[in-house]
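Me: I'd like a close look at one part of this model, with enough of the surroundings to place it. Here is what I have open.

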Amino acid sequence: MPVYIKKYRGGNYFNERVFVDSLVLNYIPSDGLPVFRFETEDAAGIGTYRAGDFDLNISLLQKELSQNRSSIRDFFLGEERDFYYLIIIKTGAQTFTGVSQQSQIAADYTYSQNRWHVKLTCKDILIEWAKRCEAAANSTINFANGEQLTFEEYIVRHFAGLTGSVVMIELPQKTYLERLRELYSNIQWCYALGDYRNFITGQQNISRWETFKELAKGLGFNFEMYLNPGTEDLSEPEFIFKIFFITDLVYEPPVTPEIIEITESITAPRLEWLFLKYRSFVFAEAEYADGIFFSKDASYGSDTNHGDGTTLYPTCAVTFQNKLLSYINENQVTEKNVVRDIDFKEMPLKQYNYDFNANVPIGKLYQLDEALGGGMAYSRIFNCARVHGGNIDFYDFIPIQKNAVLNLKRFIKNEIKILKIVIRLDYDHNLKLWSYLDLNGENYLLKSISELDLQQNKIEMDIIKASLP
Amino acid sequence: MIPDTEITALIQSLNKMTSEITRLIPVGRNSAEKEPGTAVNSLDKPAASSAEIAGYFGIMLDTTKSMLGNMGLMDTGFTKTVQIILQLLSSITGSGGGFGGFFSGILGVIGGIVGGPLGAAAGGGIGSLFGRQQLSLNSQLNSSINSSSQMPQIINQVVVKNPVTFTRAFDVEVKTRSLRGGIDL
């Protein structure tokens, strides 16, 4: 159970770091991790992303010396400067990494009550990465008009210049295009278009982290960050930023844990329908949306092909003071009505202001700017071309919607089961958030870790039943 | 329906028991008011009388059990139960405030056997009623009977949780728990 602690000077590990010293501990006190929590998303929310934190107590009686021969007290509090610390807890193949600023470290010299220790409050490395990406404006992504990037190329471009040579972007094995072609075999291509990205105005005030999260919500993928195994001994350990689709987890070999304790509950209630709004503009009579709403068994989506700029239908129309959502088909017949907060929830996709360039169509809604309101979700920068009877529709968004729906089904009403389990620490498997577990033939996903007990070799976590297609 | 004979037997038992207790313990006085020099001790009652009282208790309880066993009246409701108790109480005349706690106990037993909100109301409500003043008995019983028409709503509130309330409570719980850890990205 080594704990690797690296000391740096600077601001953010992914941006500014000067290695100062390092310390390796092979022991922490029995109450060494009084707080330990890693999360993926808010159990009651929709489209939220969360990270974790932990407290680490190190006894001042421990005799370990740092690489530069400093005692534990001097290593952390010997000098006041812009120091921060990278803490890597390694249990077998598993690692948990946090970052602690010097201001988040405190020594307690009370000799009684088993104190006399240094306490570090450490935040998940993913928060450090998010902070790095928040500090860069979306306008700094080099993506010119006329450029076309695949999903994989775009993601790399999105983080270009931010990785500080210590982040590796891990993309799904299956390409995004292959994924869409499994749904619609007649797709010619799927690209992020520079023109579309550049329609969005005010990008100098929008961070790259925000647009990345918006992209994740709109396309339905997820992400996590963990140590690149084997680099914990380096002065600058590397991290993997993994991007994945929930639907891919079914292909991973499940971990079968040794269960010590187990309790069961049901997630917070969900509504029957979820609405994804990718683009909208407001007219006096309604807000017309390019989007889709879906339940467990059905879906209603707009169709964005054809570039005539005049045909609104089929569409998702929102009326009645933003309460009533209707699907109006190509014959302008209302097929389905659902009511906000009673029948459906809306995935919170930010609608960015946009301004079309002349002669760059974006489907049939082209040239209908948001005169009275509306906007465009960031994921709408992607677009497909599909062949229908020898003709190509160049403004097709349906496959992208369909793939997102497959990955967002956990947000609709189906009574997802939650188990809180305590399991024996498994030193062979790298058990990470979103790991795929097998419990008596049923499959679950690891949603959060709430306790790590290194003395008794057990770990407490919440898992949800995996309702994968 | 409850056979009249059983109700009559129950009432007779209660009446007999009441008169015995009245004879043994002067109404309106408690042990603290005994004459000077008299031992203050609950054991200073004749043993034979105690046994007799216990016998009456046995009869009464048997009758009560039998009565409740025949109670197919849960759907006819609380009103019927209260009517029976009303008959019992109105047949007992002249008993003072000192018996309040006693009857509260007896009716509490009934309440416990009936169970649920009905039983609690019958046992606790009527029992404690009688423990105050007999003079206001009828009006208070009437109010109990009148309130019986509200019982289904009370049952709904207690047993079947309002789905909306439940949802909110659950959300609050989950959010509160989440606030202790997890940091929004």
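How much surface does chain A expose, and what share of it do carbon and sulfur atoms supply? Then please zoom in on A:Leu219 and tell me what it is in contact with.

Reply: Keep in mind that this is a predicted model. Chain A exposes about 19100 Å², and carbon and sulfur atoms supply 46% of that. Chain B, for its part, has an accessible surface of about 10900 Å², with 59% belonging to carbon and sulfur atoms.

Before zooming in, a bit of background on chain A. You'll find 7 helices and 29 strands in there. The radius of gyration is 25 Å, close to the 23 Å the globule rule gives for 469 residues, so chain A is as compact as a globular protein of that length. Along its principal axes, the C-alpha trace spans about 80 × 45 × 40 Å. Buried residues account for 57% of the 469 residues. If you take contacts between residues at least 6 apart in sequence, 68% of them join residues at least 24 apart.

Now for your residue. A:Leu219 sits in helix α6 of chain A, which covers residues 208-219. Is A:Leu219 buried or exposed? Its relative accessibility is 0%, and buried means under 20%, so A:Leu219 counts as buried.

Who is around it? Setting aside neighbours within four places in sequence, A:Leu219 is in contact with A:Phe151, A:Tyr176, A:Phe245, A:Ser379, A:Phe382, A:Ile400, A:Asn403 and A:Ala404. There's also a long-range pairing to look at: A:Asn407 is 188 residues away along the chain, yet the C-alpha atoms of A:Leu219 and A:Asn407 are separated by 8.6 Å.

One of those contacts, A:Phe151, takes us to another helix. A:Phe151 is among the buried residues of helix α3 (residues 151-158) of chain A, along with A:Glu152, A:Tyr154, A:Ile155 and A:His158. Looking down the axis of α3(A), these buried residues fall within an arc of 160°, so they line one face of the helix. The general background: an α-helix has 3.6 residues a turn, so residues three or four places apart point the same way.

For the other chain, 8 helices and 1 strand are what you get in chain B, with the strand coming after the helices as you go from the N terminus. Of the 185 residues of chain B, 32% count as buried.

Definitions and conventions:
Residues numbered from 1 in each chain as written. Chains lettered and ligands numbered in written order. Predicted model: local features only at pLDDT ≥ 70, side-chain atom pairs only at ≥ 80, totals over all residues. Heavy atoms only, no water. Helix = DSSP H or I, 4+ residues; strand = E, 2+ residues; numbered from the N terminus. Rg over C-alpha atoms; globule rule 2.2 N^0.38 Å. Buried < 20%, exposed > 50% of the residue type's maximum accessible area, 1.4 Å probe, protein only. Contact = heavy atoms within 4.5 Å. Areas by Shrake-Rupley, 256 points an atom, 1.4 Å probe, with all protein chains shown as cover. Arc of directions from axis to C-beta.
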